[in-house]
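Here's a quick briefing to read with the model open beside you. It moves from one strand pairing out to the sheet, then on to the helices that pack around there.

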Amino acid sequence: MTKLSPLSILQASMGAALLALFTIVLARDAMADTVPTRIVSVGGSVTEIVYALGQEHRLVARDTTSNFPAEARKLPDVGYVRRLSPEGLLSVAPDMILAEEGAGPPETFEVLADTGLPIVTVPMGFDLPAIQNKIRTVAEALDVADAGEDLAAHVTTDVEEASQTAGLRDQKVLFVLSMQGGRIMAAGGNTAAQGVLTLSGAQNAIAGFDGYKLVSDEAVLTAEPDVILMMQSHRPGAVTAADVLAHPAIAATPAGRAQAVLQMDGMLLLGFSVRTGQAVSELAAGLAAAGS
């Protein structure tokens, strides 16, 4: 038996490593030149855009928030948008991931990036230009830019027409995300709730902070909302309209005294995607009825 010298062993190891690296580079180059046909869509707004562009045949999986259209629910579910695992995403052998900005955790996407898998981050935002940007980003990633422009134009018309006919300038709305320890979690500025209220012509009753925050009973009373806005939820243990109206601070507001609560589908209301025009119209009509 021939005994290899340490130098020979080193050369062989380096050769194997170089071959492996060369193989990875070739695989990545081939992937870059191939039109993706096995796409995972992460984020309900992204999935809605993929379907609206007529590219749903390229999807192999989606995240839990991707619940519209109904056909999307038939796809394998890789987990919640902010609690994804590399194993779950890679289990469907994707050749591209389309993910909303903020999808995570970051560690998951760091692992995915190291594999060379193409990842397209779709920017978020809570106004009409943000929706247009989302559509164009997804369309360009799918190599259907012309269809993206057509869709963006159609959605723009829907949103602008809905906003122009809303007319709720004096109505104050408190968006309640949840209740924790007897306190209200409300929407402030720079949120999807604030954005859709602005488009509908209503006022956010809470001001002075960004994001979603637990607010004091005094802040709720001072806000004097005319209507309480909530997401519909059928999860066991979810906060109900009755729970919110029973809250002492809410009960003492104009909305509480009038029992004025409006509940809407969360993805429709807050998705800022292709259905936002519909969301604005339904929200305006619902607020008008709830506050009358």
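**Starting from one strand pair**

Let's begin with a single residue pair: Leu-98 has Val-120 of strand β4 as its bridge partner. Keep in mind that this is a predicted model. The protein has 292 residues, and 48% of them are buried. On the secondary-structure side, there are 13 helices and ten strands. If you look at contacts between residues at least 6 apart in sequence, 59% join residues at least 24 apart.

**The parallel sheet**

- Strand β3 (residues 96–100) and β4 run parallel and are joined by four bridges.
- Besides the Leu-98 pair, Ile-97 sits opposite Ile-119 in β4.
- β3 also pairs with β1 in the parallel sense, again over four bridges.
- In that pairing, Val-40 has Ile-97 of β3 as its bridge partner.
- Zooming out, the order is β2-β1-β3-β4: four strands in an open sheet, with parallel pairing.
- Which strands stand at the edges? They are β2 (59–62) and β4, and each has a single partner strand, so one side of each is left without a neighbour in the sheet.
- Going from one strand to the next, the twist averages 20°.

**Who is covered in the strands**

- β3 is mostly covered, with five of its five residues buried.
- Met-96, Leu-98 and Glu-100 point one way from β3, while Ile-97 and Ala-99 point the other way, and all are buried.
- Note that Glu-100 is on that list of buried residues, in case you're going through the side chains one by one.
- β4 (residues 119–122) has two unlike faces: Val-120 and Val-122 are on the covered one, Ile-119 and Thr-121 on the uncovered one.
- So to speak, the two β4 partners named above split up: Val-120, across from Leu-98, belongs to the covered face, and Ile-119, across from Ile-97, belongs to the uncovered face.

**Helix α2, on the sheet**

- Helix α2 (residues 44–52) packs on the sheet and touches β1 (39–42), β2, β3 and β4.
- The direction of α2 makes about 125° with that of β3.
- Is α2 largely enclosed or left open? Eight of its nine residues are buried, so α2 is largely enclosed by the rest of the structure.
- The buried residues in α2 are Gly-44, Ser-45, Val-46, Thr-47, Glu-48, Ile-49, Val-50 and Tyr-51.
- After α2 comes Gly-54, which has a positive phi, near 75°.

**α2 against α5**

- The axes of α2 and α5 come within 10 Å of each other and cross at roughly 60°.
- That angle is why α2 and α5 count as oblique to each other.
- The crossing of these two helices, α2 and α5, is right-handed.
- From α2, Ser-45, Val-46, Ile-49 and Val-50 meet Lys-134, Ile-135 and Val-138 in α5.
- By type, the residues of this α2 and α5 contact divide into five nonpolar, one polar and one charged.

**α5 against α6**

- Helix α5 (residues 128–141) and helix α6 (residues 145–166) pack with their axes 8 Å apart, at an angle of about 160°.
- α5 and α6 are therefore roughly antiparallel to each other.
- Here too the handedness is given: α5 passes α6 in a right-handed crossing.
- On the α5 side, the contact is made by Leu-128, Ile-131, Gln-132, Ile-135, Arg-136, Ala-139 and Glu-140.
- On the α6 side, it is made by Ala-145, Gly-148, Glu-149, Leu-151, Ala-152, Val-155, Thr-156, Val-159 and Glu-160.
- The residues of this α5 and α6 contact divide into nine nonpolar, three polar and four charged.
- Ile-135 of α5 is worth finding on screen: it is in the contact with α2 and in the contact with α6.

**A glutamine past α6**

- Gln-171 lies in the loop between α6 and β5 (172–180).
- Gln-171 has a relative accessibility of 10%, so it counts as buried.
- How many residues apart in sequence are Gln-171 and Gln-203? They are 32 residues apart in sequence, and 6.0 Å apart in space, C-alpha to C-alpha.

Notes. Residues are numbered from 1 along each chain as its sequence is written. This is a predicted model: local features need pLDDT of at least 70, side-chain atom pairs count only at pLDDT 80 or more; totals for chains, interfaces and linings use all residues. Side-chain values use heavy atoms; hydrogens and water are left out. Axes are lines fitted to C-alpha atoms, for helices over the stretch in contact, and angles run from 0 to 180 degrees between N-to-C directions. Angles under 35 degrees count as roughly parallel, over 145 as roughly antiparallel, 65 to 115 as roughly perpendicular and the rest as oblique. A crossing is left-handed if the near helix is turned anticlockwise from the far one by less than a right angle, and right-handed if clockwise. Contact means heavy atoms within 4.5 Å. Ala, Val, Leu, Ile, Met, Phe, Trp, Tyr, Cys and Pro count as nonpolar, Asp, Glu, Lys and Arg as charged, and the others, Gly among them, as polar. Buried means under 20% relative accessible area, exposed over 50%, partly exposed in between (1.4 Å probe, protein chains only). Two strands pair if DSSP finds at least two bridges between them.
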